[in-house]
Amino acid sequence: MNETSKTNLIPRSLFVFAVLYGGMTCIAGILGAKQVALGPLAVESGIFPFLLLVVLSSSVSELHGRDVANRLVRFGFIPLITAIILIQIVLALPTDPGMYEPAKEAFPIILSQGARLMFAGIIAYGVSQFLNVYIFSRLANMKGAMLTLRAAIASALSQVVDTLIFITIAFYGERPIGQLLLGQGSAKVVLSFLLVPFLIVFFVKLGRRLDRD
């Protein structure tokens, strides 16, 4: 392999993380149809892939720089919007009469989202993910700032903003949103400090190992 080919190769960690990142943008909206109880916390399940999105973008920023991480976030709009369009097409197509009855009724309930919710999801994704990369990168300039602390702070702040944007756009004027904002925001902050530090260490170590190998 010549030198030009070598310089054009995508780092292995970036390729693996980008594939996983794209998958998480698609699955987040589907998992969000279910609420789970974690002790006293009640959260929609979409938070788990969203936290992985935060961890992956932070890991890419740590390994490959802020510009590459921002590019990853921008490319994330492609699978997100494509998945939304495909879901709407499938919902509009006629249902096979022989389809399993409970699944026939459950499918549109789980996957159908109004235009307002879809718009809220796209805006919240973009703002919160770019904000996460920005905060994580800026904290890197602080002497002694640990990787885990930077990741947790960036995740908590970006997820609070994500909650504010999504719930306000999706539900303002339709239902009271105060308790919803408080509950979802609190849950995301707690999970950001409980889960993200462990995940960021794992993915950064994994990324370095992939690139070394």
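Leu 38 is a partly exposed residue, its relative accessible area being 34%. The model in which this value was computed is a predicted one. Leu 38 sits in strand 1, which covers residues 35-38. Together with Phe 48, Val 190, Leu 194 and Leu 195, Leu 38 makes a nonpolar surface patch of about 370 Å². Membership of such a patch calls for over 30% relative accessible area, and Leu 38 has 34%.

From this patch the text turns to the interior. In soluble globular proteins, nonpolar side chains tend to be buried together. Here the largest nonpolar core holds 36 residues, and the members that touch the most others are Phe 17, Tyr 21, Leu 53, Val 60, Tyr 125 and Ile 200. At least two residues of this core come from each of helix 2 (12-31), helix 3 (47-64), helix 4 (66-92), helix 6 (115-139), helix 7 (147-171), helix 8 (178-194) and helix 9 (196-212). Helix 3 gives the largest share, eight residues.

One of the highly connected core members, Leu 53, can be followed outward. Leaving aside residues up to four places away in sequence, Leu 53 is in contact with Tyr 21, Met 24, Thr 25, Tyr 125 and Gln 129. Two of these neighbours, Tyr 21 and Tyr 125, are themselves among the core residues that touch the most other members.

Pro 49 is also part of helix 3. Pro 49 has a relative accessibility of 3% and therefore counts as buried. With the same exclusion of residues up to four places away in sequence, Pro 49 touches Met 24, Ile 27, Ala 28 and Leu 31. Met 24 is also listed among the contacts of Leu 53. Pro 49 can be placed against Gly 32 as well: the two are 17 residues apart in sequence, and their C-alpha atoms are 9.4 Å apart in space.

The aromatic side chains come next. Four aromatic pairs are found in a search of the whole structure. One of them joins Phe 77 and Tyr 125, whose ring centres are 5.0 Å apart and whose planes stand at 85°, so the pair is edge-to-face. Phe 77 belongs to helix 4 and Tyr 125 to helix 6, so this pair ties together parts that are 48 residues apart in sequence. The two partners fall into separate accessibility classes: Phe 77 is partly exposed at 21% relative accessible area, whereas Tyr 125 is buried at 2%. The cut-off for buried is under 20%, and the value of 21% therefore leaves Phe 77 in the partly exposed class.

Phe 202 and Phe 203 form another edge-to-face pair, with 5.2 Å from centre to centre and 80° between the planes. Phe 202 is partly exposed, with a relative accessible area of 48%, while Phe 203 is buried at 8%. Phe 17 joins Phe 202 and Phe 203 in one aromatic cluster, and Phe 17 is also one of the core residues with the most contacts to other members.

Charged side chains add further links. Side chains of opposite charge can pair when their charged atoms come close. The whole structure contains four salt bridges according to the search. In one, the side chains of Arg 208 and Glu 62 meet at 3.9 Å, N to O. Arg 208 lies in helix 9 and Glu 62 in helix 3, so the bridge ties together parts that are 146 residues apart in sequence. Both ends are partly exposed, Arg 208 with a relative accessible area of 46% and Glu 62 with 26%.

A more local salt bridge links Lys 104 and Glu 101, whose closest N and O atoms are 3.1 Å apart. These two are three residues apart in helix 5 (residues 101-111) and are therefore separated by about one helical turn. Lys 104 is partly exposed at 24%, as is Glu 101 at 45%.

The side chains of Asp 162 and Lys 188 also meet in a salt bridge, at 3.0 Å from N to O. Asp 162 is in helix 7 and Lys 188 in helix 8, so parts that are 26 residues apart in sequence are tied together by this pair. Asp 162 is buried, with a relative accessible area of 4%, and Lys 188 is buried too, at 6%. Elsewhere, Glu 62, Arg 150 and Arg 208 are joined into one network by salt bridges that share partners.

Notes
Residues are numbered from 1 along each chain as its sequence is written. This is a predicted model: local features need pLDDT of at least 70, side-chain atom pairs count only at pLDDT 80 or more; totals for chains, interfaces and linings use all residues. Side-chain values use heavy atoms; hydrogens and water are left out. A nonpolar core is a set of buried Ala, Val, Leu, Ile, Met, Phe, Trp, Tyr and Cys residues joined through side-chain atoms within 4.5 Å. Buried means under 20% relative accessible area, exposed over 50%, partly exposed in between (1.4 Å probe, protein chains only). Helices (H or I, at least four residues) and strands (E, at least two) are DSSP runs, numbered from the N terminus. Contact means heavy atoms within 4.5 Å. Patches are made of residues with over 30% relative accessible area and no salt bridge: like charges are joined within 9 Å, nonpolar side chains (Val, Leu, Ile, Met, Phe, Trp, Tyr) within 5 Å. Accessible areas come from the Shrake-Rupley method with a 1.4 Å probe; for residues, only the protein chains shown count as cover. Rings of Phe, Tyr and Trp (its six-membered ring) pair if their centres lie within 6.5 Å; planes under 30 degrees apart count as stacked, over 60 as edge-to-face and the rest as tilted.
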